[in-house]
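Hi,

Here is the structure I said I would pass on. Have a look at it first, and then read my notes underneath.

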Amino acid sequence: QVQLVESGGGLVQAGGSLRLSCAASGIIFSSYNMGWYRQAPGKQRELVAVIRSGGSTNYADSVNGRFTISRDDAKNTVYLQMNSLKPEDTAAYYCNARRTIVGGYWGQGTQVTVSS
């Protein structure tokens, strides 16, 4: 079975930092593009950052310069380092793994709450 297990969420003050981790099993991790998405109450899920199997990255404009996505293929883990957090970053954050447009896998989500 495929599992994406997230950790690292929590409550943090504005200006602080968190590092999210997503550990994958049941897939050939190095072959997958990995992404972080977030969803705030009443809003659509949005892409935060993606790191492809070849290592290239893209970020949403709202987090560019503050967040960094990285991966460790030896540990089957993708990370999201979040710095200079703002209250508007408050959301449930989800890990995603995909190889093609037609399929993919999701983690359970981890809550990030940034207080003002």
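**The aromatic cluster**

Tyr37, Tyr94 and Trp106 come together as one aromatic cluster. Before you go further, please keep in mind that this is a predicted model.

Let me start with two members of that cluster. The ring centres of tyrosine 37 and tryptophan 106 are 5.0 Å apart, and their planes meet at 65°, so this pair counts as edge-to-face. The two residues come from distant parts of the chain: tyrosine 37 belongs to strand 4 and tryptophan 106 to strand 10, with their positions 69 residues apart. As for exposure, tyrosine 37 is buried, because its relative accessibility is 16% and the cut-off for buried is under 20%. Tryptophan 106 has a relative accessible area of 41%, so it is partly exposed.

What sits over the ring of tyrosine 94? It is the charged end of arginine 45, at 3.8 Å from the ring centre. The charged end of arginine 45 also sits over the ring of tryptophan 106, this time 4.7 Å from the centre. So if you click on arginine 45 in the viewer, you can check both rings, tyrosine 94 and tryptophan 106.

**Another aromatic pair**

The count of aromatic pairs comes to 3. One of them is formed by tyrosine 32 and tyrosine 105, which are tilted, with 6.4 Å from centre to centre and 45° between the planes. This pair also links distant parts of the chain: tyrosine 32 lies in the loop between strand 3 (18–25) and strand 4 (33–39), while tyrosine 105 is in strand 10 (residues 105–106), 73 residues away. Are these two buried or partly exposed? Tyrosine 32 counts as buried, because its relative accessibility is 11%. Tyrosine 105, at 34%, counts as partly exposed.

**The sheet**

Now for the backbone. There is an open sheet of 4 strands, paired antiparallel, in the order 1-3-8-7. Its edges are strand 1 (3–7) and strand 7 (67–72), each of which pairs on one side only. From one strand to the next, the twist averages 15°.

How many bridges join strand 7 to strand 8? There are 6, and strand 8 (residues 77–82) runs antiparallel to strand 7. If you want a spot to look at there, try serine 70, which stands opposite tyrosine 79 in strand 8.

Give me a shout if anything looks odd on your screen.

Cheers

Notes:
Residues numbered from 1 in each chain as written. Predicted model: local features only at pLDDT ≥ 70, side-chain atom pairs only at ≥ 80, totals over all residues. Heavy atoms only, no water. Pairing = 2+ DSSP bridges. Axes fitted to C-alpha atoms, helices over the stretch in contact; angles between N-to-C directions. Phe/Tyr/Trp six-rings, centres within 6.5 Å; stacked < 30°, edge-to-face > 60°. Buried < 20%, exposed > 50% of the residue type's maximum accessible area, 1.4 Å probe, protein only. Lys NZ or Arg CZ within 6 Å of the ring centre and 35° of its normal.
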